[in-house]
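This briefing covers the strand pairing within one sheet. Please keep the sequence and the model open while reading.

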Amino acid sequence: MKKLLTIALAFLSLSASAQSLVSYVNPFIGTSNFGTTNPGAVCPGGMMSVTPFNVMGSQLNTWDKDSRWWSTPFSSDNCFFTGFSHVNLSGVGCPEVGVVLTMPTSGPLQTDYREYGSEYSELKAEPGWCGLRLDKGDIYAEVSATMRSSVERYTFHKGLSNILVNLGEGLTNEYGASLRKISDTEIEGMRFCGTFCYNPGAVFPLYFAIRVSRVPDEAGFWKRLPKMNGVEAEWTPDNGKQRLYKGYGRELAGDDIGYWFSFETQEGEQIVLQMGVSFVSCANAWENLNTEQSGLDFDRIRRKASDTWEADLSRVKVEGGSLEQKQVFYTGLYHALIHPNVLNDVNGEYPLMEQGGIGRVQEGHSRYTVYSLWDTYRNVHQLLTLLYPERQLDMVRSMVDIYKEWGWLPKWELFGRETFTMEGDPAIPVIADTWLKGLRDFDIETAYQACLKGAETPQAYNRMRPDGDLYREKGYIPMGGVQADLSGDNSVSHALEYYVADNALSLLAADLGHPEDAKLYRERSLGYRHYYDRETGVLRPIMADGSFLSPFDPKQGENFENAPGFHEGSAWNYTFYVPHDIEGLAKLMGGPRKFVDRLQSVFDKGNYDPANEPDIAYPFLFCRFPGYEWRSDEVVASLLAKHFSTQPYGIPGNDDTGAMSAWAVFSMMGFYPDCPGDPSYSLVRPTFDKVTITLDPKYCGGRESLTIIAPSGSGKIKGIKSSKGSLRRRISHRELIGAGTIRFY
């Protein structure tokens, strides 16, 4: 009790003083409940991330990452450590990368994870750093990172100590690696990765360079024993099914290989392992490592990573609210800044999109990758546009360059390969939204032509819209069309995504002076009306003969099932996803009152899915109708309280490279971009008393900050006052950044 009281008093003392924003971040939020985040060390948008790898389970002789939707190297539900994995994804729904596992051990050398794996304690993490203590050998292991490299420090006891580099295990669905000894303390190699979400063509190499801080007493390669006549070699407790190659000092290749360093350590001796990575070459991996860690030791790299995060998080400062709310907010902002990632090396080189060649980014700019656009086009890129416009511009430039190199804009691009995951044409709303919000330093003419190509190319040759012919001809997609994502017949979901993209293209065309295009794409965006079924009050799949699908259950597809016509959701999860024409949908439903009642029933009857993207803007749609705006305040507050917390399950499911976190960040600040491509926001009661946003005056008409002040008291808010004195709940981006102060009444 005395110990607990001391801790509590110390915590209260810390809370009373000024805290760094980094201290509010809890990297363990989202590490359970399939949130698929991880507590690893990473810098904002960093190519390198290094995190504990524990998905194998403590008593397993085998493991299957696909059997439990294992798409993260770490789960807070497990405690069996088999190394630190490198280059990891955060919040994704399919396994990928998470390879080149480094593992400290003590005692006789073991190279099979079933023998050397260990449970652990004292697991802690903060932005840019993670540490834990292994039960086996009482080894303390900690890691930090720069943009393209990691540094790992292992504290050993007296005796035989080892560092293993395992190239056989990982999250990727691909196998194969190569290793080469460079010197007594250095190795380099390649790990083959890819087939994200089981796309067989999306493969790529990851190159790495590793250096240890002192010469080992012994070192060598290992390789898993091959099957003989289809029978796997018998497992033995000495080195499992591995063969050691001592005294061999050249190179090795295979599906399951590794390297070890062994040391006779003194009590408390620390050995440091540095690793650089590249998607171009081993030479670039060395250059990344040597450039970014030059003159820096472990502690200085850790401080530098923390300072980088502090600077990024400081672009938004909040006052008021509880400690937990601040932790949820800043952890959400942290998660939203992990992806997209820098792809180019320090010398500017990067792998060309879907090609074998090497490109070079313009000096002072970055080439980005990991475009989970079906998720992030709804809110992450809008958040980046507001808070980090210089990065968002480089991301759009990267998207345009992808088009120049490959001929198409990205859909779900990963390290220079297109995975074709999910549906729609999601790059169009991102480009339109960025341009219409005043970020214009990119090749808009090429970008516009790229958007038109996706919208108009016949479906036989169209990589973005594989069922676009019927869509253009009929205004909708009947069931039975070809689906590119292999997830079943998702005709309604596909069409709804095209409608949103075409509306964004219409807005962009109008701004660029193409009125005929603007009219054409606006008309196309209204084709959702074909799906509206007055009998059920929802959007209903249409058969090839023009009739509605029958029998039909609007609730079928909940819990991430693929119902006929819908992808990862039910008709209720998709019916209100026409954000560009909510007023028109309300007319189909019988007017605002009936629309509001039907929308409210989605929340009251449990038909809202907070863990997936199609319906995440639903709570803000009440703001479109005068007199009902207060419902948005109540629903948003309720969802934040119910689904977002500081616990490992504190994200309502898969974070989707920051999309769910961005939802919370916007909601807590008091505004949300509820229509992708439309430069406007709906307003809700802020979580905090005061929110101060640092703006870049270059993109904000000279404004350097925006302050949002919440109303005092607990009464229903009316909104903000316009220049004419009226109260409203919608605001344009130009009004937002030009306001200086926004005060709710």
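**Strand pairing in one sheet**

Strand β31, residues 690-694, pairs with β32 in the antiparallel sense, over five bridges. The model is a predicted one. The points below start from this pair and then take in the sheet to which both strands belong.

**From β31 to β32**
- T692 has T707 in β32 as its bridge partner.
- T707 in turn has a bridge partner in β36, namely T741.

**From β32 to β36**
- Strand β32 covers residues 705-709, and three bridges join β32 to β36.
- The strands β32 and β36 run parallel, whereas β31 and β32 pair in the antiparallel sense.
- I709 stands opposite R743, a residue of β36.

**The sheet as a whole**
- The sheet is open and has four strands, in the order β19-β31-β32-β36.
- Its pairing is mixed.
- The edge strands are β19, residues 316-319, and β36, residues 741-743.
- Each of these edge strands pairs on one side only.
- From one strand to the next, the twist averages 10°.

**Burial of β32**
- Why is β32 largely enclosed by the rest of the structure?
- Four of the five residues of β32 are buried, so the strand is largely enclosed by the rest of the structure; buried here means under 20% relative accessible area.
- In the strand order, β32 stands between β31 and β36.

Conventions: Residues are numbered from 1 along each chain as its sequence is written. This is a predicted model: local features need pLDDT of at least 70, side-chain atom pairs count only at pLDDT 80 or more; totals for chains, interfaces and linings use all residues. Side-chain values use heavy atoms; hydrogens and water are left out. Two strands pair if DSSP finds at least two bridges between them. Helices (H or I, at least four residues) and strands (E, at least two) are DSSP runs, numbered from the N terminus. Axes are lines fitted to C-alpha atoms, for helices over the stretch in contact, and angles run from 0 to 180 degrees between N-to-C directions. Buried means under 20% relative accessible area, exposed over 50%, partly exposed in between (1.4 Å probe, protein chains only).
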